[in-house]
Amino acid sequence: MLSDITLGQYYPGTSPIHKLDPRSKILASLLYIIGVFLATEPISYAIIISFLFGIIMLSKLPVYLVLKSIKPLWIIIVLTLAIHVFTGQGEELWSWKYFTVTKEGLAMGIKMSLRLILLLMISSILTFTTSPIVLTDGIEALLKPFRKLGVPAHELAMMMTIALRFIPTLLEETDRIMKAQASRGADFSSGNLIKRIKSLLPILIPLFISAFRRADELAVAMEARCYRGGEGRTRMHELQYHKRDGVAGVSLAILIVVLSFLRWGLA
């Protein structure tokens, strides 16, 4: 289960998506998310899903790797579908005792589940194709105009990127602790809910200790390298927009226009 969580992992490559400026990828991801919420009709979802798989092909990422990002949250996706299916009002399709499935509820459940899946996949593609350091630079550059309003752009970007970077590390540490406890006879899969929660205590305590130790080591390492925040810092590779970034922006703009037309233009 822990190995299925892919958020925060970077998949090295030289694809056109990998080469995009991080600012372009972040903004493109936000535009795609807007497009997901603009989609209401089957044709809109067909377009936006086809667009996503086109991005996967361009990024040269293994399809199974992107689909794997859905697996950890399948319970939430199924629960979202079930809530809408059994609580929706409208034309009745099936009924049994206290449960009733309506046509409108089923359509809404599928729509909301698809939205969750698409949001997870586009977020995973962003982290798969952008290294943590480059992602930090992109976030900081996008937040820089807000510094005049007192927003600590560099510090926020650094915290967000460290949090993303620590996800795989903490998952690996959790897996190591679970295996160590299992070798000592710990059982995490049997018993009722309360017993299972209690069995997690031998995992949580060393995990918290390990997390604080890693945070302290990171702070010491940053101080040893004279880290003093973003003021006066230079970069080996300055961010620059290229033609491919313009192509990406135009493609997303066209997608938004088409989805907007399908939602309001045909109403």
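## A first look at the chain

Contacts (heavy atoms within 4.5 Å) in this predicted model often link distant parts of the sequence: among those with a separation of 6 or more, 74% join residues 24 or more positions apart. Because the model is predicted, local features need pLDDT of at least 70 and side-chain atom pairs count only at pLDDT 80 or more, while totals for chains, interfaces and linings use all residues. Residues are numbered from 1 along each chain as its sequence is written, and side-chain values use heavy atoms, leaving out hydrogens and water.

The chain has 11 helices and two strands. Helices (H or I, at least four residues) and strands (E, at least two) are DSSP runs, numbered from the N terminus. Along the sequence they follow the pattern α-α-α-α-α-β-β-α-α-α-α-α-α. The C-alpha atoms fill a box of roughly 65 × 60 × 40 Å along the principal axes. Of the 267 residues, 31% are buried, where buried means under 20% relative accessible area, exposed over 50% and partly exposed in between (1.4 Å probe, protein chains only).

An unreviewed UniProt entry annotates "transmembrane region" at residues 30–58, 70–87, 116–135, 155–171 and 246–266. UniProt positions are given in the numbering used here, feature names are shortened, and annotations may be inferred rather than shown by experiment. Here are two of those stretches:

| Residues | Helix | Strand | Distance between end C-alpha atoms |
|---|---|---|---|
| Residues 30–58 | 90% | 0% | 19 Å |
| Residues 155–171 | 100% | 0% | 24 Å |

Now to helix 2 (residues 22–38). Its 17 residues should span 24 Å at 1.5 Å a residue, and its end C-alpha atoms are indeed 24 Å apart; the expected span is 1.5 Å times one less than the number of residues. At its N-terminal end, D21 acts as a cap, with a side-chain oxygen 2.8 Å from the backbone nitrogen of R23. Buried residues of helix 2 include P22, R23, I26, Y32 and L38, and among the elements covering the buried residues are helix 3 (42–59) and helix 11 (243–265).

Helix 7 (132–143) also helps to cover helix 2. The axes of helix 2 and helix 7, as lines fitted to C-alpha atoms over the stretch in contact, come within 8 Å and cross at roughly 70 degrees. The two helices are therefore roughly perpendicular, a term for angles of 65 to 115 degrees. P22, R23, I26 and L27 in helix 2 meet helix 7 residues including V134 and L142.

Finally, T129 sits in the loop between helix 6 and helix 7. T129 counts as buried because its relative accessibility is 2%. Beyond its neighbours within four places in sequence, T129 is in contact with Y10, I17, H18, K25, S59 and L61.

Note on methods: Polar contact = N/O pair within 3.5 Å; in protein donor to acceptor, adjacent residues only side chain to side chain. Axes fitted to C-alpha atoms, helices over the stretch in contact; angles between N-to-C directions. Parallel < 35°, antiparallel > 145°, perpendicular 65-115°, else oblique.
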